[in-house]
Amino acid sequence: MIVALNVGLVALILGLAVWAIVAREPFAAVVGFIAYGLLLTLVWVQLHGIDVALTEAAIGGGLTGALLIGAATRLRGTEAEARAERPGPATRWLAAAVSVAVTLALAACVLVLPVPAPTLAPEVAAHMAATEVGNPITSVLLAFRAMDTLLEAIVLLFALIGVWSLTPDRFWGGRPGLRQGYDANGILAYAARLLPPIGIVAGIYIFWVGADRPGGKFQGATILAAMWLLVMMAGLADAPPIRRTWLRALLVAGPLAFIAVGLVGAVRAGAFLAYPPGLAKPLILAIEFALMPTLTLILGLMLVGTPQRGDTP
Amino acid sequence: MSLAVDLFSVIAVAAGAFFFLAGTAGLLRFPDAFTRLHALTKADNLGLGLVVLGLLPQVGGVVAGLKLVCIWLLVQLSGATASQLIARGLRRRGAPP
C-alpha cells in the first residue's frame with residue numbers, strides 16, 4: 001500500500017518536473033514548480049527527514065515560489081519578444097542532450113554508491129552530547145558544520161544587497177516595493193489581521209523547538225517573513241526605507257554575532273567557531289537568537305524587492 | 001467498538017476523498033473561472049473537513065486532534081481569502097460574474 005503511494009508520488013513529481021520545463025508560459029511553469037516543491041516535501045517526510053521537509057516547504061516551495069511568481073509577472077511584458085528569438089533546433093537539441101547527460105551522470109553516481117552508503121551519522125551521534133543540543137540536524141548545522149551556516153547567512157545578505165543594487169539612483173534609500181492600497185473592509189486586510197498572531201506564534205515555536213526537535217531559525221524566519229509580507233501587502237504597514245540605520249544594523253547583527261562567537265572560540269577553544277566546553281548550548285542559542293531577526297528581515301525584504309519610491313510613504 | 005470507530009474513519013475519509021475528486025472534476029470541466037473557484041472551495045472545506053473528521057478518532061490524543069482541527073480552519077481561512085482575491089481580480093479585469 002505504502003509502496004503504491006510512493007510510486008504514485010514519484011510519478012507525480014516526475015510529471016510536474018517535465019511540466020515545469022516544457023510549459024510555454026513562465027507563470028504556468030512556476031505554478032508547476034511550486035506544486036513540485038510541495039510534493040518534494042512529502043518525499044522528505046517519507047524519508048524521515050522532517051527538518052529538510054520543513055525547509056523545502058518554507059523555502060523551496062514557498063519563498064522561492066513567491067520570488068519566481070514575481071519574476072514571471074515582471075517578465076510578462078517581454079514574453080513575446082523572448083519567443084520571437086527562440087533558439088534554433090541545433091541549440092535546443094544540444095541543451096536537451098547536455099541536460100539528459102547530467103541527469104544520467106547524477107543517477108549513475110547515486111547507483112554506484114556502496115551499500116551501506118558512506119555516512120558520518122554515527123560520528124555525529126557519538127559526539128552530539130558535547131553540543132548539548134537534542135536535534136542532530138541543529139548540532140550539525142551550528143556545531144560540526146557551523147562554517148557552512150555562517151557563510152549561508154552571509155550569502156543571503158549578499159543576495160539582498162544584489163536586489164538593492166538594482167535600485168534606480170533617484171530612489172536609493174527609499175521604501176522598497178510599490179505602495180499597497182489599503183481597503184479597511186477588504187478580505188486581504190481581514191486575513192492580515194487574523195493570521196499574523198497565529199503565524200508569529202507558529203514561527204517562534206518552530207524556531208524554539210529547533211534545538212531539540214525538527215525546526216529551526218530558517219523555517220521559523222520564513223513564517224515570520226511571510227506574516228510581515230502579508231501585513232505589508234494588505235497595506236496595514238509600509239516597508240521601511242532602506243536608508244534606516246536600525247534596519248541596516250539588524251541586517252548585519254546576525255552574521256556579526258556569529259563571527260564574534262567564532263572569534264571567542266578562536267581565543268578560548270583553539271579554533272574559529274569552536275565552542276569552549278560547557279558553553280556550547282548557550283553559544284548556539286545566542287547565534288540562533290541573533291540570526292532570527294536578521295533572517296526574517298532579509299527574507300521579507302528580498303521578496304519586496306528594490307526601492308521604487310522615495311522616503312515618503 | 002474499535003471496528004465501529006474504524007468504519008466511521010474509513011467512511012468519512014472516503015467521503016472527503018470523493019469531494020476532492022468532485023472538486024478536481026469541477027476544476028477541469030467547469031466553463032469559467034468563477035464556477036471553477038466554486039468547485040475548488042467545496043473540495044477544500046468539505047473534503048478536508050471530512051478527512052479531518054475521519055482521522056480525529058485515530059490520532060489518540062486531544063492535542064493532536066486539536067492540531068488537525070486547526071489545520072482545517074487555517075486551510076479554510078487561506079482558501080476563502082485566496083478565492084475572494086482571485087474573484088475580485090477577475091471582476092476588476094472585466095470578466096462577467
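This is a short tour of a predicted model, stop by stop, with a suggestion of what to select at each one.

**Stop 1: the whole model, coloured by confidence**

Start by colouring everything by pLDDT. The model scores ipTM 0.83 and pTM 0.87. Chain A has an average pLDDT of 87, with 99% of its residues scoring at least 70. For chain B the mean is also given as 87, and 96% of its residues reach 70 or more.

Which helix of chain A has the lowest confidence, and which the highest? Select residues 79-84 of chain A for the low end: this is helix α4, with a mean of 76. The high end is α5(A), at 92. In chain B, the lowest value belongs to helix α2 (residues 33-55), at a mean of 87, and the highest to helix α1 (residues 2-29), at 90.

**Stop 2: chain A as a whole**

Now hide chain B and show chain A as a cartoon. You will find 12 helices and 0 strands. Along its principal axes, the C-alpha atoms fill a box of roughly 60 × 55 × 40 Å. Of the 313 residues of chain A, 29% count as buried. Looking at contacts in chain A with a separation of 6 or more, 73% are between residues 24 or more positions apart.

**Stop 3: two domains**

Colour residues 1-86 and 123-313 of chain A separately; these are domain 1 and domain 2. Their C-alpha centres lie 24 Å apart. Where the two domains touch, 11 residues come from domain 1 and 11 residues from domain 2. On the domain 1 side, those residues divide into 7 nonpolar, 3 polar and 1 charged.

**Stop 4: the largest nonpolar core**

Next, select Ile287(A) and Leu295(A) and show their side chains. Among the 53 residues of the largest nonpolar core, these two touch the most other members. Helices α3 (50-75), α7 (136-144), α8 (146-164), α9 (187-209), α10 (217-233), α11 (245-268) and α12 (280-304) of chain A each supply at least two residues of this core. The largest share, 14 residues, comes from α12(A). Both domains take part: the core draws at least three residues from each of domain 1 and domain 2 of chain A.

Which residues does Ile287(A) contact, once its neighbours within four places in sequence are set aside? Add Leu142(A), Ala257(A), Phe258(A) and Val261(A) to your selection to see them.

Apart from the largest core there is another, of 5 residues; pick out Leu16(A), Phe33(A), Tyr36(A) and Leu40(A), which are among them.

**Stop 5: two helices with few buried residues**

Select residues 2-22 of chain A, helix α1. Its end C-alpha atoms are 30 Å apart, which agrees with the 30 Å that its 21 residues should span at 1.5 Å a residue. Helix α1(A) is hardly covered, with a count of 1 buried residue among its 21.

Then move to residues 89-111 of chain A, helix α5. At 1.5 Å a residue, its 23 residues should span 33 Å, and the 32 Å between its end C-alpha atoms agrees with that. How many of the 23 residues of α5(A) are buried? The number is 0, so α5(A) lies largely in the open.

**Stop 6: unusual backbone geometry**

Most residues other than glycine have a negative phi, and most peptide bonds are trans. Three places in chain A are worth a look with that in mind.

- Zoom to Val115(A) and Pro116(A): the peptide bond from the former to the latter is cis, with omega near -5°. Pro116(A) lies in the loop between α5 and α6 (121-127) of chain A.
- Go to His48(A), in the loop between α2 (26-46) and α3 of chain A. His48(A) is not a glycine, yet has a positive phi of about 65°. Is His48(A) buried or exposed? It counts as exposed, because it has 9 C-beta neighbours inside 10 Å.
- Finish the set at Leu273(A), in the loop between α11 and α12 of chain A. Its phi is also positive, near 70°. Leu273(A) is buried, with 23 other C-beta atoms within 10 Å.

**Stop 7: where the chains meet**

Bring chain B back into view. The contact takes 4 residues from chain B and 5 residues from chain A. On the chain B side there are 2 nonpolar, 2 polar and no charged residues.

Technical notes
Residues numbered from 1 in each chain as written. Chains lettered and ligands numbered in written order. Predicted model: local features only at pLDDT ≥ 70, side-chain atom pairs only at ≥ 80, totals over all residues. Core = buried A, V, L, I, M, F, W, Y, C linked by C-beta atoms within 7 Å. Buried ≥ 20, exposed ≤ 12 C-beta atoms within 10 Å, placed from the backbone. Helix = DSSP H or I, 4+ residues; strand = E, 2+ residues; numbered from the N terminus. Domains from an automatic or database assignment. Contact = placed C-beta atoms within 7 Å. Nonpolar A, V, L, I, M, F, W, Y, C, P; charged D, E, K, R; others polar. Expected span 1.5 Å × (residues − 1). pLDDT = per-residue confidence, 0-100.
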